[in-house]
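Here is a walk through one protein structure, meant for a reader who has not seen it before. Keep the sequence and the 3D view at hand while reading.

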Amino acid sequence: MSHTPPASALPQPSSQETAATLAALEQSLLDPGLPASARAVIERARDALLALAEEARTAHQNYRSLFDAVPDPVSIIAWDGTVLDLNKAGMAAYRRPPEEIVGQPIHVLNPELPRDHMAPVHDALSRGDTYVVDVTNMRGDGTRFPVEVHSAAFQHEGERCIVAVARDLSGRRDAELRYRELMETLDRGILVRNAEQRIVYANPAAIRMFEVEPGLSLDEELRPERWKVYDENGHELSESQLPSIRALHTGVVSASTVLGFYNCRLRRLRWMSVTSVPQFAAGSDRPHQVLSLFTDVTELKRDSALFDRAQALAHIGGWEWDTGRDHLYLTAEARHILGAHPAPETVEEMLACLLDPDRHRLRVAFDQAVSFGRSFDLELQGQQMEGPTFWVRVIGEAEPGNPIGSRITGTLQDITERRRSDESLRVQARSDPLTGLLNRDAVLHELEIRLDDPRRSTLAVLYIDLDRFKVVNDVLGHAAGDRLLASAARRIQRAVGSEGLIARFGGDEFLVVCDCGEQPQRPEQLADAILDIFADSFRMDGEEFSITASIGIAQSPIDGLRSQQLIQSADVAMYDSKRRGRNGWQSFTPELAEQQLHRLQLETHLRRAVGNEEFHLVYQPQVRLTDGAVVSAEALIRWSNQSLGEMRPSRFIDHAETTGDIVGIGGWVLREACKQMRRWRDDGLDIDRVAVNVSYRQFLGEDLASSVAAALSESGLPGHALELEFTERVLIEDVPDTLRTFAILRDLGVVLTIDDFGEGYSALNYLRRLPIHGLKLSQLFVQGVPHNQSDVAVCQAVTGIARSLGLGLVAEGVETEQQRRFLLDLGVEIGQGFLFSAGLLPEAFHQYCLAPTPTKGPSIPAML
C-alpha cells in the first residue's frame with residue numbers, strides 16, 4: 001500500500017506538472033487565431049496557477065522553516081508506522097541521511113520495538129489522547145540514547161497520520177545522576193518522606209546524624225516514639241508540629257528551624273537546623289512527599305543560654321573539672337539537678353551530694369580518669385539538701401588531646417523518673433501476675449541473698465503443691481483454675497503472714513522461705529498452719545471442692561547450701577509427702593537424700609544405656625485362652641547395668657518418662673522388636689504380630705508415625721505385623737494431633753491398642769473417636785476375679801465397652817486357672833500372664849511356640 005504524505009510534508013507540490021501546465025497555457029496564448037474571449041480565460045488561468053504555485057511554495061517554505069526550527073526530533077508517520085518526513089533536528093539526532101529514514105518503518109529508529117507496538121498508539125490516538133512513551137532510539141552508528149516520545153494524530157486527504165516529537169533524555173539522566181551524587185556526598189542530612197510519612201530516602205549524612213546502626217531499619221529507628229523533639233524554648237513538639245509534617249499538610253516550605261532531637265534509646269540530645277520542602281507530583285495540588293534538610297548545630301549551641309535551657313528540658317547538665325585548680329564548673333541545669341546551695345565548686349562538694357556507697361564509686365572514677373585517662377559512665381543516687389533523693393547518670397572523660405588529663409568534662413543527667421519507672425517494672429518483673437506473689441526468678445534471687453547473709457544461720461524452704469488441682473482445672477477450665485490458684489495464694493498469705501517470703505513457683509506449686517532463727521520448729525508450724533487453712537473447702541462456680549496441699553521442708557545448711565539444692569531437697573520431701581497419702585508435710589531426711597542420690601545415679605546411667613547397648617528385650621506370649629496356642633508376643637524391655645545390676649521396668653520407666661529419656665529408649669524398643677519379628681518370620685515362626693508399648697512422651701515429643709514407618713521399612717515388615725500399645729493418658733492429650741497420628745498409623749496397617757484400660761482417665765468420649773483396634777484389660781482387675789465383685793464389675797464393663805465398639809480385647813496378668821475360665825465365660829479370647837509364661841528371650845520364645853500346647857506353662861530359667 002502506498003502512502004501519500006501531506007503536502008506540507010513533501011519537498012514541494014508537483015513542480016513538474018505545474019511547469020508543464022504553465023508551458024501549455026503560454027503556448028496556447030501564442031496562437032494568433034485564438035479568440036479574444038478564450039485568450040482572456042487562458043490568461044486568467046495562467047495567472048491563477050502562477051499565484052497558487054507561489055502560495056504553495058511560500059507555504060512549504062514556512063512549514064519547512066517551522067518544522068526544522070523545532071529543537072527536538074519530529075517525525076511524520078503513516079498510520080502503519082512508515083516514516084513520511086523528518087525534521088533537521090531528527091536528522092542530526094539520528095545521524096542518518098533522509099533516504100535511510102523516510103519511507104522506512106519506524107523500526108529503523110528503534111529496533112527493540114515489539115511486533116504490535118502500534119496497537120497502543122492507535123488505541124490512545126483513536127480516543128483523541130496523546131500517546132507518551134519512554135523508548136531507546138538508535139543512531140546511524142549504532143549508539144543508543146533515551147527519548148520520551150509524544151505522539152498525536154491528524155488527518156491528511158482522508159488518511160490518518162501521526163506526528164511524533166522525541167525529547168532526548170540523556171541530559172536529564174546525567175542531571176539526575178549528578179543530583180544523586182550530590183545528595184550522597186553532601187555533609188548535611190537529607191530525609192525524604194512520602195505522604196504516609198514513611199522514609200523513602202536518607203543520605204549517609206542523615207544516617208550518621210541520627211546514629212542509625214548498620215543493618216537496622218530507618219523507619220524503625222526514626223519512628224516518633226524513639227525520639228523527643230524540642231523547640232528553641234524547650235517545649236516538646238507533637239508529631240503534627242514537626243516541620244516535615246507541616247510541609248506535607250500545608251504544601252508550604254518550612255524554613256530553617258532549630259530543633260533539639262533527643263534519642264531516647266541512646267539518651268543523647270543533638271540540635272539541628274531543619275528545612276522541609278514539600279514536593280508535588282505532576283498535575284497534583286497536594287504534596288506527595290517532603291524533603292527535609294538537617295544541619296547539626298550542636299557544637300554552636302554548647303555554651304549558649306539556649307543550650308542550657310535545652311539541658312534543663314532534657315534534665316541533662318554539663319560539668320567541667322579543672323584538676324589543677326580543683327575548680328568545678330556546673331551548668332545551670334547541673335546545679336539544679338544536684339540541688340545544693342550554694343552550688344558545688346569542688347569535686348568534694350559535688351561528692352557530698354551523693355549517698356554512700358555511690359559517693360565512693362564516683363571518687364574512684366575521678367581518680368582513674370585523672371591517673372589513667374579512663375572515661376566513666378555511672379548511675380548514682382544522691383539527696384538534695386532538705387529534699388528528696390534523686391538518681392543521676394554521670395558521664396565523664398579526660399579532655400581529648402590533653403596528655404596530662406588536667407581537665408575532666410562530662411554530663412550529668414537526672415534519671416530519677418526512669419529509675420522509678422524501672423523500679424516499678426522491676427516489681428512487676430518480680431511478681432506473678434495471677435497471684436501478686438513473688439515469681440520464680442524473684443524468689444530464687446531473694447533466697448540466694450539470704451543464703452549469702454552470715455547473719456542468717458538457718459533458712460527453711462517449704463515446697464507446696466496443691467493436691468487434685470488438675471482435676472478442678474480439667475473439669476471447670478483454666479479460668480476457674482486461675483481463680484482457684486489466686487484464692488489458694490491468699491490462704492497461704494494468711495497462714496504465713498509476715499513469717500516468710502511467699503512465691504508462686506510455677507503451675508500449682510508455691511514456695512515459702514523463712515528464717516528459723518531461734519525457733520527451729522517454725523517451718524513445721526507454718527506447714528501446719530497452711531494445712532489447717534486448706535481444711536475449708538473452696539467454692540468455685542457454684543461447686544464446692546476439697547483441695548489439700550502436700551508440703552516438703554528443707555533447711556540450710558544441712559539440706560543444701562545453695563538455692564537450687566535447697567529447693568530440690570524440699571521438692572523431694574514434697575513428693576515423699578504425696579506418696580504417703582497427701583494433705584501433709586514431710587521434712588527432708590538422710591534417707592530421702594540417699595533416694596535422691598540413687599535417682600541421680602539412675603538418671604546418669606539411664607541416659608547412657610542405649611549407647612552402651614545395655615538394654616535387651618524379652619517377649620511374653622499372648623495366647624488363645626481356649627487352648628494356649630500362641631498368637632502374638634508383647635516386647636518387654638529389660639536393663640542390665642554393670643553398676644546397678646539387673647533393672648526391671650518398674651525401677652526405671654517412670655523415671656525415664658519424667659526426664660524424657662523414654663523417647664530415645666522407646667525408639668530403640670520399636671526398631672529392635674521389628675527386627676526380631678523379621679528374624680522369627682525368616683525362621684518360619686508363624687505368629688500374628690509383636691506388640692510394643694509406646695509412651696505418651698513419644699507420642700508428643702517426636703513424629704511417631706514417621707518413626708514407625710521407618711522401623712517397618714528397615715525390617716521389611718507389613719504394618720499388621722506390629723501392634724502399638726498406648727496408655728489412656730494419650731486419650732486426653734492434644735486431640736487434633738492424636739486423631740491425626742492415629743489415622744496415619746492405622747493407614748500403615750498398624751494395630752492400635754489402649755493398654756491397662758480402666759486404670760487411668762477412662763476418657764470414653766475420646767475412645768469413641770479414635771481409630772483404635774483393641775483394648776487390654778488391666779491385670780489390676782484381672783487379679784481380683786472371680787471373687788472380688790468390684791473387679792468383676794470392672795471386667796464386665798470393659799468387656800461390654802469393647803464388644804459395643806467392635807474392639808478386640810486382651811486380658812493381662814492371667815495367673816490362675818480360675819481367672820482363665822472366668823475370662824472365657826466373659827467372652828475374652830486372648831490373654832497373657834504367668835499362667836502361660838513370663839517374658840522369654842527370643843530363642844526361648846521360639847521354642848515355647850513350637851512346644852506342644854498341653855505342656856505350656858511358666859519357663860522359669862528363661863524368664864528375665
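**Helix contacts and salt bridges**

In this predicted model, Leu444, Leu447, Glu448 and Leu451 of α15 are in contact with Ser563, Gln564, Leu566 and Ile567 of α19. Sorted by class, the contact between α15 and α19 holds 5 nonpolar, 2 polar and 1 charged residues.

Two packed helices are described by the angle between their axes and the distance between the axes. For α15 and α19 the angle is about 110°, and the axes are 9 Å apart. Angles of 65 to 115 degrees count as roughly perpendicular, so α15 is roughly perpendicular to α19.

A salt bridge can be found in this region too. The side chains of aspartate 452 and arginine 562 meet with 2.9 Å from N to O. Aspartate 452 belongs to helix α15 (residues 440–452), while arginine 562 sits in the loop between β22 (549–556) and α19 (563–579), so the salt bridge ties together parts that are 110 residues apart in sequence. Aspartate 452 counts as exposed because its relative accessibility is 52%. Arginine 562, at 36% relative accessibility, counts as partly exposed.

Helix α19 also carries lysine 578, which forms a salt bridge with aspartate 465 in strand β17 (residues 459–466), so parts that are 113 residues apart in sequence are tied together. The closest N and O atoms of lysine 578 and aspartate 465 are 2.7 Å apart. Are these two residues buried or exposed? Lysine 578 and aspartate 465 are buried.

Lysine 578 forms a salt bridge with aspartate 467 as well, and here the closest N and O atoms are 2.5 Å apart. This pair links distant parts of the chain, 111 residues apart, with aspartate 467 in the loop between β17 and α16 (469–476) and lysine 578 in helix α19. Aspartate 467 is buried, as is lysine 578.

Elsewhere, Glu634, Glu725, Lys776 and Glu812 are joined into one network by salt bridges that share partners. How many salt bridges does the structure hold? The count is 34.

Another helix to look at is α2, which runs over residues 36–69 and has 34 residues. From its first C-alpha to its last, α2 reaches 49 Å, close to the 50 Å expected at 1.5 Å a residue. Which residues of α2 are buried? They are Ile42, Arg46, Leu49, His60, Tyr63 and Phe67. An α-helix has 3.6 residues a turn, so residues three or four places apart point the same way.

Notes: Residues are numbered from 1 along each chain as its sequence is written. This is a predicted model: local features need pLDDT of at least 70, side-chain atom pairs count only at pLDDT 80 or more; totals for chains, interfaces and linings use all residues. Side-chain values use heavy atoms; hydrogens and water are left out. Helices (H or I, at least four residues) and strands (E, at least two) are DSSP runs, numbered from the N terminus. The expected span of a helix is 1.5 Å times one less than its number of residues. Buried means under 20% relative accessible area, exposed over 50%, partly exposed in between (1.4 Å probe, protein chains only). A salt bridge is a side-chain nitrogen of Lys or Arg within 4 Å of a carboxyl oxygen of Asp or Glu. Axes are lines fitted to C-alpha atoms, for helices over the stretch in contact, and angles run from 0 to 180 degrees between N-to-C directions. Angles under 35 degrees count as roughly parallel, over 145 as roughly antiparallel, 65 to 115 as roughly perpendicular and the rest as oblique. Contact means heavy atoms within 4.5 Å. Ala, Val, Leu, Ile, Met, Phe, Trp, Tyr, Cys and Pro count as nonpolar, Asp, Glu, Lys and Arg as charged, and the others, Gly among them, as polar.
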